[in-house]
Amino acid sequence: MTGNDFRDRLEALDRCSYQAYKSLRGEHPFAGFTLHVDSVQGDPFAAPSRLRVVVPQSIAGFPASLYTTASRRIALEDYLLRQFHQQAQVYSRHRGSGKSGLITIAPPSQAMLSRTAVTVSETSVEVRFAVGLPAHGRRIAGQQAAELLCDDLPKLVEHAVSYSQPYATAIQAQGEAAETADWLRDQLSDRQLIAFVADGAILPRFSGVDERSLGSAAVPFQSPASLRVSLTRSNGEPITGMGIPRGITLIVGGGYHGKSTLLKAIEQGIYNHVPGDGREQVVTTATAVKVRAEEGRSVTGVDVSPFINHLPQGRSTQQFSTADASGSTSQAANIIEAVEAGATALLLDEDTSATNFMIRDRRMQALIAKAQEPITPFIDKVRQLYNDHGVSTILVMGGSGDYFDVADTVIALNEYQAADVTAQARQIAADDRTERQAEGGQVFGHLSPRVILPESIDPQRGHRAVSLKVRATDEIRLGLTAIDLSAVEQLVEPGQVKAIAAALVYAQQHYLDGERSLVAVLQAVAADIVAHGLDCLSDQFNGEFAAFRMQEFAAAINRLRTLKTASSAAASQQRG
């Protein structure tokens, strides 16, 4: 069937029952690309139909230099997604009932992520998107369908999926931005750093709900001289900026002076950002995890004894479970779970932390004896966490100078300008001792691996073997169970949550056997994605997946209210 044949076919379907659209499933050659109709919606009000176009590289014409490295390939795919998304809004218009005429593709964030929406290879470019097939009522609007798929779609593909000189400079810049960010991030470990913020970076965002750069209205970042380091691009060109060393770092300062803005930029430094974002050269170790209090979340089988012990009635906290955690308990669990999932750096902001988890001052210690207080505050564990397990911490703190006693580096923000005040903080700590007593012993405590039991994950709903629904970046509905991800702050796109939802089912089908530890399951799923791509998570041509970290995958598992666990030792005994 040629493009003209396809037009005739669509026009012949005019006024037929909407179900007749299903006859279009399959592949259809057009001039310049092949159209694949993978799934057809049941009616014009249902989820749009899933389509793909495959454009041969002989026509797309992208030079191999743009996709021969992983950094540049992801950058090119990201650029093409943004072009297609922009053009789809031009050609998408109402053409009848329900979603008729809608053209959509997975919307991008400010981050450059590997996604299933666009794939570039040496032979072709594939784009996956959704279309609302036109109808009037529940009857096919054949003429409108022909205009949409045979007139508008070819123009959209030509504009968005072909290499042309006007786009060449922008594509090259995006590839260089991605490659530079990856190159910088790779240097952090050798330099004993956990984050780097380049001089001239623009950290403030347009608003709390708009991640675009504030632009010229913002104060460009400048590193304090004592913390300035010089890293290099792949071509050897130096880039200067503030290096945050391993250990314990405090970010201090008055309200509204940029403390949380700096931490937010560091938090998002696990991703590469598009040119113009302002944070293109702000990079963070890939396993840094933002942690906060999360009152009301469920906790299952977590050894929170490093932070919480000696509960009333002698209840153990080595395999602690609750359906309704307090702020302090949830933050303790979040830290233990993050470390279990491989975090090498923790990011905390006092504004989203539980006060009684962060500090217990001298006066409170005098009033309430340690024997009556089961919580060991973070101030007494943060150094042990680094010494015993190599986990660094960056902490925004504006209300407690007691943390000066444990900090390696103290950075002060004043009108968005950073200063190294480590020496002053140490002098204040020496001159004005807190007299508080350290609590919680001399070591951090044991980290107990857990085994996730396979019955924890049940994606069934009614007669459907797998029922998955995702809301933005904050909720997964797995079967009858809702997973609240609103406090998992480093998720930036719905596509990541959709991929995590699919990964939950994939792990249940392939790796949750009641023997593997959670870490082993995470490693196995990660290895499959590296080997086969995100497509291994679905047997369909899903264009809505975006790359996610195992830390966020673990966070979703840990927030399952149906979660059941066993310690590795208990699982071994059962096998024996």
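A salt bridge is a side-chain nitrogen of Lys or Arg within 4 Å of a carboxyl oxygen of Asp or Glu. The exercises below use a predicted model, in which local features need pLDDT of at least 70, side-chain atom pairs count only at pLDDT 80 or more, and totals for chains, interfaces and linings use all residues. Residues are numbered from 1 along each chain as its sequence is written, and side-chain values use heavy atoms, with hydrogens and water left out.

**Exercise 1. A salt bridge of Asp152**

Task: Find the partner of Asp152 in a salt bridge, and state which parts of the chain the pair ties together.

Solution.
Step 1. The partner is Arg95, and the closest N and O atoms of the pair are 2.5 Å apart.
Step 2. Asp152 belongs to helix H4 (residues 142-160), while Arg95 sits in the loop between helix H3 (70-91) and strand S4 (103-104), so the pair ties together parts that are 57 residues apart in sequence. Helices (H or I, at least four residues) and strands (E, at least two) are DSSP runs, numbered from the N terminus.
Step 3. Asp152 and Arg95 are both buried. Buried means under 20% relative accessible area, exposed over 50%, and partly exposed in between (1.4 Å probe, protein chains only). Accessible areas come from the Shrake-Rupley method with that 1.4 Å probe; for residues, only the protein chains shown count as cover.

**Exercise 2. A pair between two strands**

Task: Describe the salt bridge between Arg52 and Glu126, and name the network that holds these residues.

Solution.
Step 1. The side chains of Arg52 and Glu126 meet at 3.3 Å, N to O.
Step 2. Arg52 is in strand S3 (residues 49-56) and Glu126 in strand S7 (residues 124-131), so this pair ties together parts that are 74 residues apart in sequence.
Step 3. Arg52 counts as buried because its relative accessibility is 6%. Glu126, at 14%, is buried as well.
Step 4. The network of salt bridges links Asp38, Arg52, Glu126, Arg128 and Asp535. The structure holds 37 salt bridges.

**Exercise 3. Two partners, two exposures**

Task: Is Arg212 buried or partly exposed, and is its salt-bridge partner Asp210 buried or exposed?

Solution.
Step 1. In the salt bridge of Arg212 and Asp210, the closest N and O atoms are 2.6 Å apart.
Step 2. Arg212 has 45% relative accessibility, so it counts as partly exposed.
Step 3. Asp210 has a relative accessible area of 16%, which means that it is buried.

**Exercise 4. A lysine without a salt bridge**

Task: Locate Lys259, and give the distance to its nearest side chain of opposite charge.

Solution.
Step 1. Lys259 lies in helix H6 (residues 259-267).
Step 2. Lys259 is buried and has no salt bridge; the nearest side chain of opposite charge is that of Glu350, 5.6 Å away. Lys and Arg count as positive and Asp and Glu as negative, while His and the chain ends are not counted.
Step 3. Contact means heavy atoms within 4.5 Å. Beyond its neighbours within four places in sequence, Lys259 has contacts that include Ile251, Val396 and Leu413.

**Exercise 5. A charged patch**

Task: Which residues gather with Glu11 in a patch of negative charge on the surface?

Solution.
Step 1. Patches are made of residues with over 30% relative accessible area and no salt bridge: like charges are joined within 9 Å, nonpolar side chains (Val, Leu, Ile, Met, Phe, Trp, Tyr) within 5 Å. The place of a charge is taken as NZ of Lys, CZ of Arg, CG of Asp or CD of Glu.
Step 2. The residues that join Glu11 are Asp5, Asp8 and Asp14.
Step 3. Glu11 itself is in helix H1 (residues 3-12). Its relative accessibility is 31%, so Glu11 counts as partly exposed.

**Exercise 6. Positive phi values**

Task: What is phi for Gln192 and for His310, and where is each residue found?

Solution.
Step 1. Most residues other than glycine have a negative phi.
Step 2. Gln192 has a positive phi near 60°, and His310 has a positive phi of about 55°.
Step 3. Gln192 is in the loop between helix H5 (165-188) and strand S10 (193-198). His310 is in the loop between strand S19 (299-302) and strand S20 (320-322).
Step 4. Gln192 is partly exposed at 44% relative accessible area, whereas His310 is exposed at 65% relative accessibility.
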